[in-house]
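Visitor: Could we go through this structure together? I should like to begin with how its helices pack.
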Amino acid sequence: MVGNVGMMDVTVSTWFGTSPLYVHMINFLPITAITKEVFDPTYAEKEFHEIMEPLYNSVEKAWKGYVICDRAISDPNGAWKDALQLRSFELDSAISQSQILYFISTTDGFEAPEKSSSDNTDSEDDEDSSKLCSQHLACRELALYGYCCPAPNGAYLGCCDSKNDSELKTEKEDTTTTAKVAEDDDNDSSKLCSAHEACSALGISGKCCPTTGGAYLGCCDSSASASLTTKDSIPPPTSAPTLP
(Lines give C-alpha, C1' and ligand atoms only; values in the text may rest on other atoms or scores of the structure.)
Protein backbone atom coordinates (compact mmCIF):
# COMPACT_ATOMS: atom_id res chain seq x y z
CA MET A 1 0.00 0.00 0.00
CA VAL A 2 0.99 3.65 -0.27
CA GLY A 3 3.25 4.42 2.67
CA ASN A 4 5.71 6.92 4.03
CA VAL A 5 8.43 5.77 6.40
CA GLY A 6 10.53 8.31 8.28
CA MET A 7 12.40 8.17 11.55
CA MET A 8 10.06 6.43 14.02
CA ASP A 9 6.89 7.24 12.08
CA VAL A 10 4.97 5.28 9.42
CA THR A 11 2.04 6.98 7.72
CA VAL A 12 -0.18 6.29 4.73
CA SER A 13 -1.60 9.03 2.58
CA THR A 14 -2.63 9.86 -0.97
CA TRP A 15 -3.45 12.97 -2.93
CA PHE A 16 -7.12 12.15 -2.32
CA GLY A 17 -6.73 11.81 1.44
CA THR A 18 -5.85 9.29 4.15
CA SER A 19 -9.04 7.22 4.10
CA PRO A 20 -8.38 3.44 3.79
CA LEU A 21 -10.56 3.59 0.66
CA TYR A 22 -8.06 5.85 -1.10
CA VAL A 23 -4.95 4.21 0.35
CA HIS A 24 -5.99 0.77 -0.90
CA MET A 25 -7.85 1.53 -4.11
CA ILE A 26 -5.16 3.86 -5.47
CA ASN A 27 -3.05 0.72 -5.85
CA PHE A 28 -5.90 -1.14 -7.55
CA LEU A 29 -6.51 1.13 -10.50
CA PRO A 30 -6.59 1.09 -13.46
CA ILE A 31 -8.68 -2.01 -14.02
CA THR A 32 -7.20 -4.04 -16.88
CA ALA A 33 -6.89 -7.66 -17.96
CA ILE A 34 -3.67 -7.96 -15.94
CA THR A 35 -5.23 -6.78 -12.66
CA LYS A 36 -6.25 -10.27 -11.58
CA GLU A 37 -2.67 -11.49 -12.19
CA VAL A 38 -1.15 -8.76 -10.03
CA PHE A 39 -3.28 -9.32 -6.93
CA ASP A 40 -3.17 -12.64 -5.12
CA PRO A 41 -6.76 -13.90 -4.59
CA THR A 42 -6.09 -14.83 -0.95
CA TYR A 43 -4.70 -11.39 -0.18
CA ALA A 44 -7.48 -9.63 -2.12
CA GLU A 45 -10.19 -11.57 -0.26
CA LYS A 46 -8.72 -10.73 3.15
CA GLU A 47 -8.14 -7.10 2.18
CA PHE A 48 -11.73 -6.76 0.97
CA HIS A 49 -13.35 -8.28 4.05
CA GLU A 50 -11.17 -6.43 6.56
CA ILE A 51 -10.78 -3.04 4.89
CA MET A 52 -13.32 -2.51 2.09
CA GLU A 53 -16.40 -4.37 3.28
CA PRO A 54 -16.99 -2.08 6.32
CA LEU A 55 -16.93 0.90 3.90
CA TYR A 56 -18.69 -0.83 1.02
CA ASN A 57 -22.19 0.69 1.25
CA SER A 58 -20.93 4.23 1.79
CA VAL A 59 -18.29 4.34 -0.97
CA GLU A 60 -18.68 7.41 -3.19
CA LYS A 61 -19.81 6.75 -6.76
CA ALA A 62 -16.49 7.67 -8.38
CA TRP A 63 -14.76 4.85 -6.48
CA LYS A 64 -17.63 2.35 -6.40
CA GLY A 65 -16.61 0.62 -9.64
CA TYR A 66 -13.10 -0.10 -8.33
CA VAL A 67 -14.40 -1.46 -5.02
CA ILE A 68 -16.83 -3.77 -6.84
CA CYS A 69 -13.96 -5.08 -8.98
CA ASP A 70 -11.98 -5.64 -5.79
CA ARG A 71 -14.87 -7.72 -4.46
CA ALA A 72 -15.08 -9.61 -7.76
CA ILE A 73 -11.70 -11.28 -7.21
CA SER A 74 -13.13 -13.27 -4.28
CA ASP A 75 -16.89 -13.02 -4.94
CA PRO A 76 -17.58 -12.43 -8.64
CA ASN A 77 -21.26 -13.41 -8.46
CA GLY A 78 -22.01 -10.98 -5.65
CA ALA A 79 -20.03 -8.28 -7.43
CA TRP A 80 -22.02 -8.88 -10.63
CA LYS A 81 -25.31 -8.05 -8.91
CA ASP A 82 -23.84 -4.82 -7.53
CA ALA A 83 -22.35 -3.87 -10.91
CA LEU A 84 -25.77 -4.08 -12.56
CA GLN A 85 -26.88 -1.16 -10.39
CA LEU A 86 -24.08 1.12 -11.63
CA ARG A 87 -24.34 3.86 -14.25
CA SER A 88 -21.23 4.72 -16.23
CA PHE A 89 -21.71 8.48 -16.04
CA GLU A 90 -21.57 8.31 -12.23
CA LEU A 91 -18.21 6.49 -12.16
CA ASP A 92 -14.65 7.66 -12.45
CA SER A 93 -13.83 8.63 -16.04
CA ALA A 94 -11.25 5.84 -16.25
CA ILE A 95 -13.84 3.09 -15.87
CA SER A 96 -17.31 2.18 -17.17
CA GLN A 97 -20.07 -0.22 -16.27
CA SER A 98 -19.38 -2.41 -19.32
CA GLN A 99 -15.70 -2.60 -18.37
CA ILE A 100 -16.61 -3.68 -14.83
CA LEU A 101 -19.05 -6.31 -16.07
CA TYR A 102 -16.44 -7.70 -18.45
CA PHE A 103 -13.85 -7.83 -15.66
CA ILE A 104 -16.26 -9.71 -13.39
CA SER A 105 -17.49 -12.12 -16.06
CA THR A 106 -13.92 -13.19 -16.87
CA THR A 107 -13.01 -13.83 -13.24
CA ASP A 108 -12.61 -17.41 -11.98
CA GLY A 109 -15.73 -18.62 -10.20
CA PHE A 110 -18.17 -16.44 -12.10
CA GLU A 111 -21.43 -18.14 -13.03
CA ALA A 112 -23.58 -16.47 -15.66
CA PRO A 113 -27.01 -15.75 -14.14
CA GLU A 114 -30.00 -17.46 -15.71
CA LYS A 115 -32.61 -15.05 -16.97
CA SER A 116 -36.09 -15.92 -15.72
CA SER A 117 -39.41 -14.44 -16.76
CA SER A 118 -39.95 -13.18 -13.22
CA ASP A 119 -36.72 -11.19 -13.30
CA ASN A 120 -37.75 -8.93 -16.15
CA THR A 121 -41.40 -8.84 -17.18
CA ASP A 122 -42.72 -6.94 -20.16
CA SER A 123 -44.38 -4.38 -17.90
CA GLU A 124 -41.07 -3.73 -16.13
CA ASP A 125 -39.34 -3.34 -19.49
CA ASP A 126 -41.93 -0.81 -20.61
CA GLU A 127 -41.69 1.09 -17.33
CA ASP A 128 -37.89 1.23 -17.44
CA SER A 129 -37.77 2.29 -21.09
CA SER A 130 -40.14 5.19 -20.38
CA LYS A 131 -37.53 6.58 -17.97
CA LEU A 132 -34.91 6.89 -20.71
CA CYS A 133 -34.10 10.36 -22.05
CA SER A 134 -34.27 8.94 -25.56
CA GLN A 135 -37.98 8.16 -25.08
CA HIS A 136 -38.87 11.81 -24.50
CA LEU A 137 -38.82 14.18 -27.44
CA ALA A 138 -37.67 17.31 -25.60
CA CYS A 139 -34.94 15.39 -23.74
CA ARG A 140 -33.75 13.83 -26.98
CA GLU A 141 -33.59 17.23 -28.68
CA LEU A 142 -31.30 18.36 -25.84
CA ALA A 143 -29.00 15.40 -26.66
CA LEU A 144 -29.47 13.96 -23.17
CA TYR A 145 -28.90 10.27 -22.57
CA GLY A 146 -29.37 7.78 -19.75
CA TYR A 147 -32.33 8.19 -17.41
CA CYS A 148 -34.24 11.49 -17.32
CA CYS A 149 -37.77 10.68 -16.19
CA PRO A 150 -36.81 10.22 -13.45
CA ALA A 151 -33.02 10.59 -13.23
CA PRO A 152 -31.12 8.11 -10.99
CA ASN A 153 -31.53 10.49 -8.03
CA GLY A 154 -35.31 10.43 -8.47
CA ALA A 155 -35.65 13.92 -9.96
CA TYR A 156 -37.70 14.52 -13.10
CA LEU A 157 -36.02 16.80 -15.64
CA GLY A 158 -37.97 19.63 -17.23
CA CYS A 159 -37.98 17.88 -20.59
CA CYS A 160 -40.05 15.06 -19.10
CA ASP A 161 -43.16 17.16 -19.56
CA SER A 162 -42.99 16.27 -23.24
CA LYS A 163 -44.76 13.18 -24.46
CA ASN A 164 -42.68 10.07 -24.85
CA ASP A 165 -42.45 8.11 -28.08
CA SER A 166 -45.06 5.54 -27.09
CA GLU A 167 -47.61 8.31 -26.45
CA LEU A 168 -46.69 10.02 -29.71
CA LYS A 169 -47.06 6.71 -31.54
CA THR A 170 -50.51 6.17 -30.02
CA GLU A 171 -51.57 9.70 -31.00
CA LYS A 172 -50.28 9.16 -34.52
CA GLU A 173 -52.23 5.91 -34.83
CA ASP A 174 -55.38 7.61 -33.52
CA THR A 175 -54.95 10.48 -35.97
CA THR A 176 -54.43 8.04 -38.83
CA THR A 177 -57.57 6.11 -37.87
CA THR A 178 -59.61 9.32 -37.65
CA ALA A 179 -58.32 10.48 -41.03
CA LYS A 180 -59.17 7.09 -42.56
CA VAL A 181 -62.71 7.25 -41.18
CA ALA A 182 -63.10 10.78 -42.53
CA GLU A 183 -61.77 9.67 -45.91
CA ASP A 184 -64.17 6.74 -46.04
CA ASP A 185 -66.97 9.08 -45.06
CA ASP A 186 -66.08 11.48 -47.88
CA ASN A 187 -65.99 8.63 -50.38
CA ASP A 188 -69.44 7.31 -49.40
CA SER A 189 -71.45 8.34 -52.46
CA SER A 190 -74.74 7.19 -50.90
CA LYS A 191 -74.70 10.32 -48.73
CA LEU A 192 -74.62 12.67 -51.69
CA CYS A 193 -77.80 14.52 -52.66
CA SER A 194 -77.22 13.48 -56.26
CA ALA A 195 -77.59 9.82 -55.25
CA HIS A 196 -81.18 10.42 -54.18
CA GLU A 197 -83.72 11.10 -56.91
CA ALA A 198 -85.96 13.45 -54.90
CA CYS A 199 -83.01 15.50 -53.65
CA SER A 200 -81.47 15.66 -57.10
CA ALA A 201 -84.78 16.85 -58.56
CA LEU A 202 -84.73 19.76 -56.14
CA GLY A 203 -81.30 20.80 -57.41
CA ILE A 204 -79.64 20.30 -54.01
CA SER A 205 -75.92 19.56 -54.01
CA GLY A 206 -73.50 18.26 -51.40
CA LYS A 207 -74.53 15.78 -48.73
CA CYS A 208 -78.16 15.17 -47.90
CA CYS A 209 -78.43 11.67 -46.44
CA PRO A 210 -77.18 12.58 -43.94
CA THR A 211 -75.94 16.15 -44.11
CA THR A 212 -72.57 17.06 -42.61
CA GLY A 213 -74.50 17.87 -39.43
CA GLY A 214 -75.91 14.33 -39.27
CA ALA A 215 -79.52 15.14 -40.24
CA TYR A 216 -81.42 13.32 -43.00
CA LEU A 217 -83.42 15.52 -45.40
CA GLY A 218 -86.94 14.56 -46.31
CA CYS A 219 -85.92 13.90 -49.90
CA CYS A 220 -83.67 10.98 -48.87
CA ASP A 221 -84.77 7.55 -50.07
CA SER A 222 -87.00 5.76 -47.58
CA SER A 223 -84.42 2.99 -47.17
CA ALA A 224 -81.87 5.46 -45.85
CA SER A 225 -84.18 7.24 -43.44
CA ALA A 226 -86.72 4.62 -42.38
CA SER A 227 -85.09 4.22 -38.99
CA LEU A 228 -85.32 7.94 -38.22
CA THR A 229 -88.18 9.57 -36.38
CA THR A 230 -90.07 12.45 -37.82
CA LYS A 231 -88.25 15.00 -35.66
CA ASP A 232 -84.91 13.82 -37.04
CA SER A 233 -85.93 14.60 -40.61
CA ILE A 234 -85.70 17.97 -42.24
CA PRO A 235 -88.35 18.66 -44.90
CA PRO A 236 -87.00 19.41 -48.34
CA PRO A 237 -86.97 23.05 -49.36
CA THR A 238 -89.98 24.18 -51.39
CA SER A 239 -90.25 26.71 -54.15
CA ALA A 240 -91.43 30.17 -53.23
CA PRO A 241 -95.18 30.72 -53.99
CA THR A 242 -95.99 32.51 -57.24
CA LEU A 243 -98.01 35.69 -56.86
CA PRO A 244 -101.16 35.98 -59.09
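Guide: Helices α5 and α6 are roughly antiparallel to each other, because angles over 145 degrees count as such. Their axes, lines fitted to C-alpha atoms over the stretch in contact with angles from 0 to 180 degrees between N-to-C directions, cross at roughly 165° and come within 9 Å. This is a predicted model, in which local features need pLDDT of at least 70, side-chain atom pairs count only at pLDDT 80 or more, and totals for chains, interfaces and linings use all residues. Residues are numbered from 1 along each chain as its sequence is written, and side-chain values use heavy atoms, without hydrogens and water.

Visitor: Which residues of α5 and α6 make the contact?
Guide: On α5 they are Pro-76, Ala-79, Trp-80 and Ala-83, and on α6 Gln-97, Ile-100, Leu-101, Ile-104 and Ser-105. Contact means heavy atoms within 4.5 Å.

Visitor: Turning to Thr-35, is it buried or exposed?
Guide: Thr-35 is buried (under 20% relative accessible area), at 3%. Its place is in helix α2, residues 35-38, where helices are DSSP runs (H or I) of at least four residues, numbered from the N terminus.

Visitor: What does Thr-35 touch further along the sequence?
Guide: Beyond its neighbours within four places in sequence, Thr-35 is in contact with Phe-28, Pro-30 and Phe-103. In addition, a polar atom of the Thr-35 side chain lies 2.9 Å from the backbone nitrogen of Thr-32.

Visitor: And where is Gly-146 found?
Guide: Gly-146 is in the loop between α8 (137-141) and α9 (165-186). Its C-alpha is 9.4 Å from that of Ser-88, although the two are 58 residues apart in sequence.

Note on methods. Helix = DSSP H or I, 4+ residues; strand = E, 2+ residues; numbered from the N terminus. Parallel < 35°, antiparallel > 145°, perpendicular 65-115°, else oblique. Buried < 20%, exposed > 50% of the residue type's maximum accessible area, 1.4 Å probe, protein only. Polar contact = N/O pair within 3.5 Å; in protein donor to acceptor, adjacent residues only side chain to side chain.
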